[in-house]
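Trainee: I have a model open on my screen and would like to learn how to read it. Could you walk me through its features one by one?

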Amino acid sequence: MGHRADRHRLTIALAGRDPDAPEEHGRTLRADFLRLLSLGVPPSRAEMILGSTSFSGWRGDDPAFAQACDAVSDFAAPYGHTGQIRLTPARVARFLEALGKPKATLAAAGATPAAIYQRCRRDEAFAKAMGEVRALARS
């Protein structure tokens, strides 16, 4: 067992939890993933480093984890990964909701202008929904 694993086990035990419980493994993987994002490592590379592809699934299943990933990535942007953020269904919904409100911003949805324009070009339903929301906002 490596130094990092020993440190995780000790930390979990000091928190009063069983370090051998299966859910603790997932918790430490999530913490390691967030740590890598905070260092500016792109999400795909963080998955590769940690040898797991379950993070995108966790993002979809756990809104708090998704929010933490977004916050850490936003914080780390000046220090590393500046790639385009994927427009997930949740981000699309947030964007369309924010678009209908006065002073809507792309930041509210965690999206970049490039991501929105690319999505409009390749997703006719998204472009239509965006047009409908804009029309409602103007009326």
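Mentor: Gladly! Let us begin with a definition: a charge sits over a ring if NZ of Lys or CZ of Arg is within 6 Å of the ring centre and within 35 degrees of the ring normal. Keep in mind that this is a predicted model. Here, Arg-119 lies over the face of Phe-126, at 5.4 Å from the ring centre.

Trainee: Which ring does the charged end of Arg-30 sit over?

Mentor: That of Phe-65, with 5.5 Å to the ring centre.

Trainee: Let me step back to the overall fold. How many helices and strands are there in the protein chain?

Mentor: The protein chain has eight helices and zero strands. Read from the N terminus, its elements run α-α-α-α-α-α-α-α.

Trainee: And what can I say about burial and surface?

Mentor: A residue counts as buried under 20% relative accessible area. Of the 139 residues in the protein chain, 29% count as buried. The chain exposes about 9,100 Å², and carbon and sulfur atoms supply 58% of that area. As for contacts between residues at least 6 apart in sequence, 50% of them join residues at least 24 apart.

Trainee: How do I read the two sides of a helix? Which residues of helix H6 are buried?

Mentor: The general idea is to look down the axis and ask where the buried residues point. In helix H6, residues 89–99, the buried ones are Arg-91, Val-92, Phe-95, Leu-96, Ala-98 and Leu-99. They cover an arc of only 165° around the axis, so they are on the same side of H6. The face turned away from that buried side carries the exposed residues Pro-89 and Glu-97.

Trainee: What covers the buried residues of H6?

Mentor: The cover includes helix H4 (55–61), helix H5 (63–76), helix H7 (113–122) and helix H8 (124–138).

Trainee: Let me try the approach on helix H3. Which of its residues are buried?

Mentor: In H3, which spans residues 43–50, Ala-46, Glu-47 and Leu-50 are buried. Seen down the axis of H3, these fall within an arc of 100°, so they line one face of the helix. Ser-44 and Met-48 are exposed on the face turned away from the buried side. The buried residues of H3 pack against H2 and H4. Look at the backbone just after H3 as well: Gly-51 takes a positive phi of about 70° there.

Trainee: Next, how should I think about a nonpolar core?

Mentor: In soluble globular proteins, nonpolar side chains tend to be buried together. The largest nonpolar core in this model has twelve residues, including Leu-29, Phe-33, Leu-50, Phe-55, Trp-58, Phe-65 and Val-72. H2, H3, H4 and H5 each supply at least two residues of this core, and H2 gives the most, with four residues. There is also a second, separate core of ten residues, among them Val-92, Leu-96, Leu-99 and Val-133.

Trainee: I see two Phe residues in that larger core. How many aromatic pairs are there?

Mentor: To count as a pair, ring centres must lie within 6.5 Å. The count comes to one aromatic pair. Phe-33 and Phe-65 form it: their ring centres are 6.1 Å apart, with 40° between the planes, which makes the pair tilted. Phe-33 lies in helix H2 (residues 22–38) and Phe-65 in helix H5, so the pair ties together parts that are 32 residues apart in sequence.

Trainee: Are those two residues buried or exposed?

Mentor: Phe-33 counts as buried at 3% relative accessibility, and Phe-65 counts as buried at 5%. Leaving aside neighbours within four places in sequence, Phe-33 is in contact with Pro-43, Ala-46, Glu-47, Leu-50, Phe-55, Phe-65 and Cys-69.

Trainee: Could we finish with residues that are not aromatic? Where is the place of Thr-28?

Mentor: Thr-28 has its place in helix H2 and is buried, with a relative accessible area of 15%. Beyond its neighbours within four places in sequence, Thr-28 is in contact with His-8 and Ile-12. Thr-28 and Ile-12 are 16 residues apart in sequence, and 9.1 Å apart from C-alpha to C-alpha.

Trainee: And what about Ala-66?

Mentor: Ala-66 belongs to helix H5 and counts as buried at 14% relative accessibility. Its C-alpha atom is separated by 9.7 Å from that of Ala-90, 24 residues apart along the chain.

Technical notes
Residues numbered from 1 in each chain as written. Predicted model: local features only at pLDDT ≥ 70, side-chain atom pairs only at ≥ 80, totals over all residues. Heavy atoms only, no water. Buried < 20%, exposed > 50% of the residue type's maximum accessible area, 1.4 Å probe, protein only. Contact = heavy atoms within 4.5 Å. Areas by Shrake-Rupley, 256 points an atom, 1.4 Å probe, with all protein chains shown as cover. Arc of directions from axis to C-beta. Phe/Tyr/Trp six-rings, centres within 6.5 Å; stacked < 30°, edge-to-face > 60°. Core = buried A, V, L, I, M, F, W, Y, C linked by side-chain atoms within 4.5 Å.
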